[in-house]
Amino acid sequence: RLLLAESARLSADLARGAGACAALTPGLRLGQAGLRLFSSATAAAGGRSIQLVVAYPTVRGQHTDTASTFLPCH
């Protein structure tokens, strides 16, 4: 769910910025209980390639989930 929420937040950034790629605000966000959410944006034809990484502690150590998406922008 966190990865979807971060993708939606970045899409909202674009909407507020009238679709300008510069409106994206990727970065590190810290949550409760050691949760970390990192997003990055790389230039791609017609927009930005977005990588989302969520890391959190488990009884077996640190766990990481990664997702990627594309956001069209100008």
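Here is a short chat about the sheet, its hairpins and the salt bridges in this predicted model.

Residues are numbered from 1 along each chain as its sequence is written, and side-chain values use heavy atoms, with hydrogens and water left out. Since the model is predicted, local features need pLDDT of at least 70 and side-chain atom pairs count only at pLDDT 80 or more, while totals for chains, interfaces and linings use all residues.

Reader: What is the order of the strands in the open sheet?
Author: Strands here are DSSP runs of E with at least two residues, helices are runs of H or I with at least four, and both are numbered from the N terminus. Two strands pair if DSSP finds at least two bridges between them. On that basis the open sheet has four strands with antiparallel pairing, in the order β1-β2-β3-β4.

Reader: Which strands stand at the edges?
Author: Look for strands with a single partner, because one side of each is then left without a neighbour in the sheet. The two that fit are β1 (28-30) and β4 (61-72).

Reader: How many bridges do β2 and β3 pair over?
Author: β2 covers residues 36-44 and β3 covers residues 47-58. Among the facing residues, R36 stands opposite A55 in β3, and A44 has G47 as its bridge partner. The antiparallel pairing of β2 and β3 runs over nine bridges.

Reader: Which residue in the turn of the β2 and β3 hairpin has a positive phi?
Author: That hairpin leaves two residues between its strands. One in the turn sits at a phi of about 85°, and that's G46.

Reader: And which residue takes a positive phi in the hairpin of β1 and β2?
Author: β1 and β2 pair in the antiparallel sense over three bridges, with L28 opposite F38 in β2. Their hairpin has five residues between the strands. The one with a positive phi near 55° is A33.

Reader: Is L30 buried or exposed?
Author: L30 sits in strand β1 and helps make a nonpolar surface patch of about 330 Å² with L28 and F38. Patches take residues with over 30% relative accessible area and no salt bridge, joining like charges within 9 Å and nonpolar side chains (Val, Leu, Ile, Met, Phe, Trp, Tyr) within 5 Å; areas come from the Shrake-Rupley method with a 1.4 Å probe, and for residues only the protein chains shown count as cover. Buried means under 20% relative accessible area, exposed over 50%, and partly exposed in between. At 66%, L30 is exposed.

Reader: How far apart are the closest N and O atoms of R9 and E6?
Author: A salt bridge needs a side-chain nitrogen of Lys or Arg within 4 Å of a carboxyl oxygen of Asp or Glu. R9 and E6 are three residues apart in helix α1 (residues 2-16), so about one helical turn separates them. R9 is partly exposed at 23%, whereas E6 is buried at 3%. The closest N and O atoms of their salt bridge are 2.9 Å apart.

Reader: What does E6 meet in strand β1?
Author: E6 has a salt-bridge partner at 3.5 Å, N to O. That partner lies in β1 and E6 in helix α1, so the pair ties together parts that are 23 residues apart in sequence. With a relative accessible area of 28%, the partner is partly exposed. It's R29.

Reader: Which residues do salt bridges that share partners join into one network?
Author: The structure holds four salt bridges. In one of them, D13 pairs with R9 at 3.2 Å, and D13 is buried at 6%. Through shared partners, the network joins E6, R9, D13, R16 and R29.

Methods. Buried < 20%, exposed > 50% of the residue type's maximum accessible area, 1.4 Å probe, protein only.
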